[in-house]
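This report describes a sheet, a pocket and one lysine of a single protein model. Please have the sequence and the structure at hand while reading.

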Amino acid sequence: MYFCRVEKQKVCSKCAIMGSHRGHTVVAVEEALSELKESLSAKLVELQAESSEQTSRLEEIERNTTAAQEQAEILERQVQEDFAALRSFLDSEEKVLMELIAAEKQQTLEELRRLKAECLQRVERLKLLMDPLDAALQTTNLNGLLKVLNTSSDRFRNPCETVNDPIVRFEAEKFCGPLQYKVWKKMFQIIQTVPEAYTFDYSTAHPYLEISANRRSVIPLRAPLPVVYMDARFDTALCVLGAEAFSTGKHYWEVTVNKKDKWDLGVAYNCISRHGDIVYRPSDGIWCLTLRDGCHYEACDEPDIQLKVQRKPCRIGIYVDYEGGVVSFFDAEAMQMLHVFRAHFTDPLIPLYSPCRLEDGALGDQRLSIFKLNV
């Protein structure tokens, strides 16, 4: 018996030589069986690989499902706790202020009641003095008038010898003014993450960067400064690092970029090289957001991610949760998320800034400034 490869069936030798399968490719059944098994075996391996891939996907889906539930529950609790703390603070502030107003009101009303009673007593006394005079004025008897004057002269001399106390009023102005602003400023006592007043590290600044006296502004120059070259200083990339490194906790700061057309902002491991060109990518210990041409925002990931930003931010907020492995970028005025990096940090992090090179014809303020919240 043979196997016809064209018709995919077993045939006899007669059919293969003279019959309907004449001219077709035929092989021995044993050979065909071996070939078919090899083909099926290859298909089985392919299906097994796909099945293994899907099984791995299912396991990842299950892990992500569990993680999503756990992380959402943690976040929900955190949100509830944070808002509960804010509500508790506001309720406490309201209670204290209401108690102060009530005390002021009670004190004022009690004093006004005392003054009123005192005033009524004086009016009554004056009435007792005025009645005889009024009666005397109705008579034409001279002797009668003299008698009234003689008998009452001492009482008429100083009828209100007691000095009047000043009339008090409710001093509402004690509690007026920008109430919400005052409470908002006090609220910073309980807010855990507020914009931190970071500064630039002079010793890391590229020679074409000038740092302000307060170390909160950096501006690109057209000529280099006469600086001392050292290992900490960037010699090619137009960058400067922050003066404050951290290896734990949650941190947030804001950088004013105004209307600049290009800048680089982010965080990096404190140990990154300062010499030669550097590439912004997480595998090299840099998590960075960049702007080019005034409208092209890019998250420097692997690969890079083009961001769609509806409104050009004038201030960028950067949030780092070291233990949580998060670096987030915000439009700091609208508090709208721009991008989030997720990582597992192993070394101290430090803010990284670059105002980029000063191009010919560049207009407007080209500096980057670290925002300081005054409360």
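A pocket here is an open set of grid points, on a 1 Å grid over the protein atoms alone, with protein on both sides within 12 Å along at least five of seven lines, and its volume is the space filled by probe spheres set on those points. The model under discussion is predicted.

By this definition, the largest pocket has a volume of about 1,300 Å³. Its lining comprises 31 residues, and L75, Q78, D82, K250 and Y319 are those that lie nearest the centre of the largest pocket. In chemical terms the lining of the largest pocket divides into 20 nonpolar, six polar and five charged residues. The helix α2, which spans residues 29-137, gives the most to this lining, with 11 residues, while β7, β12, β13 and β14 each supply at least two residues.

The strands just named as contributors to the lining of the largest pocket are listed below with their residue ranges.

| Strand | Residues |
|---|---|
| β7 | 250-256 |
| β12 | 315-321 |
| β13 | 326-331 |
| β14 | 336-342 |

These four strands belong to an open sheet of seven strands, which has the order β4-β5-β16-β7-β12-β13-β14 and antiparallel pairing. At its edges are β4 (209-211) and β14, each of which pairs on one side only, and the twist averages 20 degrees from one strand to the next.

The pairing at the β14 edge can be described in further detail. Strands β13 and β14 pair in the antiparallel sense over six bridges, and D331 has Q336 in β14 as its bridge partner. Four residues lie between the two strands of this hairpin, and M335 takes a positive phi near 50 degrees there.

The last feature concerns the loop between β7 and β8 (263-269), where K262 has its place. Is K262 buried or exposed in this loop? With a relative accessible area of 19%, K262 counts as buried, because the cut-off for that term is under 20%. A polar atom of the K262 side chain lies 3.3 Å from the backbone oxygen of R357.

How values were computed:
Residues are numbered from 1 along each chain as its sequence is written. This is a predicted model: local features need pLDDT of at least 70, side-chain atom pairs count only at pLDDT 80 or more; totals for chains, interfaces and linings use all residues. Side-chain values use heavy atoms; hydrogens and water are left out. Two strands pair if DSSP finds at least two bridges between them. Axes are lines fitted to C-alpha atoms, for helices over the stretch in contact, and angles run from 0 to 180 degrees between N-to-C directions. On a 1 Å grid over the protein atoms alone, a cavity is a set of points where a 1.4 Å probe fits but cannot get out, and a pocket is an open set with protein on both sides within 12 Å along at least five of seven lines; lining residues have an atom within 4 Å of a point. Ala, Val, Leu, Ile, Met, Phe, Trp, Tyr, Cys and Pro count as nonpolar, Asp, Glu, Lys and Arg as charged, and the others, Gly among them, as polar. Buried means under 20% relative accessible area, exposed over 50%, partly exposed in between (1.4 Å probe, protein chains only). A polar contact is a pair of N or O atoms within 3.5 Å; within protein, one must be able to donate a hydrogen and the other to accept it, and residues adjacent in sequence count only if both atoms are side-chain atoms.
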